[in-house]
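Please open the model in your viewer and keep the selection panel at hand. The stops below go from one part of the fold to the next, with a note on what to look for at each.

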Amino acid sequence: MQGRSMKTLVVMNEKGGVGKTNIVAHAGWYFSERLRTLVIDLDQQANLTKTLGAYVGRVESVALFDEPTKVPSVGSLTVTRSTRELLGVEGADRECIETFRDSLALNADDYDVCVIDTPPALTNRTFGALLAADAVIAPIGMNDYSIQGVTELLRAMKGVAQHYKRPPHLFLGLLPSIYDRKSRRERELFESLAGEVGKLLFPGVVAKRDLYSRSAGESDAVWNMKGAAARDAGEEIRGVLATIAQKMELGE
Ligand SMILES: Nc1ncnc2c1ncn2[C@@H]1O[C@H](COP(=O)(O)OP(=O)(O)O)[C@@H](O)[C@H]1O
Ligand SMILES: [Mg+2]
């Protein structure tokens, strides 16, 4: 992979509790099996920093907005730490959005892939992430698939691309990420969503499974857990991540 430039994925949705952090954690574990992987936690709630604690390096995520900053690798997976200071970015000059992009550009030769976890809001932090991103994926819940929120996200992507005169993002789609197949209501919502905006749907889902909450608590991927249920969960989320890797052309 040497010499190939880092590609950046942003996991984003204005809504909280839709499974963003779960996907970023598994993306970190999965990509770092074969790629030099950088994970950036931009949510001051720091759930991801906790789950991926073993891989957190010296750099705090907030530093990436202050000045162009290099992130020294701590292994195949390197995580920048979320702190409460991230809230200060929202009061900072808009220039910090470009500084964040410049920080990622400084690291482009040192990593193959970067995955960014975002807070549930459209803020300086999420705009910085969008400016730096090649690809965007939007985890959604099946109980409030408000097209409104999604419309806002698509508009923000377009707005950032136009305002900063950069190429459009690769939109990987809406990913039902806590999908309860046993719920008739969720199945019906899924069908109607597929009918209305089928082209915006990611080809795959992450089902609602207790194992994912356990995974966060135990700081380990579902595919490392024991039993048939873990095997199913592992196959499911690795399939989703393989599709993401393929669409982003992350290579072997
Ligand atoms: N597919 C899933 N099945 C069951 N629980 C999940 C799933 N994905 C996430 N969770 C749990 O739901 C809660 C919210 O998920 P999280 O990834 O933190 O969402 P977000 O980052 O969008 O706020 C967490 O407790 C998490 O462990
Ligand atoms: Mg989160």
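Begin with strands β1 and β6, which pair in the parallel sense over 3 bridges; bear in mind throughout that this is a predicted model. To find the register of this pairing, select Val11, whose bridge partner in β6 is Ile137.

Stay with β6 and select residues 135-140, where 6 of the 6 residues are buried, so that the strand is mostly covered. Which residues of β6 are buried on one side, and which on the other? Colouring them in two groups helps here, with Ala135, Ile137 and Pro139 on one side and Val136, Ala138 and Ile140 on the other, and both faces covered. In a regular strand the side chains alternate between the two faces of the sheet.

From β6, move on to strand β7, residues 170-176, which pairs with β6 in the parallel sense over 6 bridges. A convenient pair to display is Ala135 together with Leu170, its bridge partner in β7.

Next, select strand β2, residues 37-41, which is also mostly covered, with 5 of its 5 residues buried. Thr37, Val39 and Asp41 are buried on one side of β2, while Leu38 and Ile40 are buried on the other. Strand β2 has parallel pairings to show with two strands: 4 bridges join β2 to β4, residues 77-81, and 5 bridges pair β2 with β5. For the first of these pairings, display Val39 with its bridge partner Val79 in β4; for the second, display Asp41 with its bridge partner Asp117 in β5.

Asp41 also leads to the next stop, since Asp41 is one of the residues in contact with Thr49 when neighbours within four places in sequence are left aside, the others being Val56, Val79, Arg81 and Ser82. Thr49 itself is placed in helix α2, residues 47-51. Is Thr49 buried or exposed? Thr49 counts as buried, because 23 C-beta neighbours lie inside 10 Å, where 20 or more are required. For a sense of distance across the model, draw a line from the C-alpha atom of Thr49 to that of Gly198, which is 149 residues away along the chain and 34 Å away in space.

Now select helix α4, residues 95-106, whose 12 residues reach 17 Å from the first C-alpha to the last, close to the 16 Å expected at 1.5 Å a residue. Within α4, the buried residues are Cys96, Ile97, Phe100, Arg101, Ser103 and Leu104. They lie on the same side of α4, because they cover an arc of only 155 degrees around the axis. If you then add β1 (7-11), α3 (63-66), β5 (113-117) and α5 (124-132) to the display, you will have the elements against which the buried residues of α4 pack.

For a contrast, turn to helix α7, residues 184-197, which has 14 residues and reaches 20 Å from its first C-alpha to its last, close to the 20 Å expected. Of these 14 residues the number buried is 0, so α7 lies largely in the open.

Finish at ligand 1, which has 16 residues around it, the nearest being Gly19, Lys20, Thr21, Asn22 and Tyr212. Helices α1 (20-31) and α8 (210-218) each supply at least two residues of this shell. Coloured by class, the shell around ligand 1 shows 5 nonpolar, 8 polar and 3 charged residues.

Notes:
Residues numbered from 1 in each chain as written. Chains lettered and ligands numbered in written order. Predicted model: local features only at pLDDT ≥ 70, side-chain atom pairs only at ≥ 80, totals over all residues. Expected span 1.5 Å × (residues − 1). Buried ≥ 20, exposed ≤ 12 C-beta atoms within 10 Å, placed from the backbone. Near = placed C-beta within 6 Å. Nonpolar A, V, L, I, M, F, W, Y, C, P; charged D, E, K, R; others polar. Arc of directions from axis to C-beta. Contact = placed C-beta atoms within 7 Å. Pairing = 2+ DSSP bridges.
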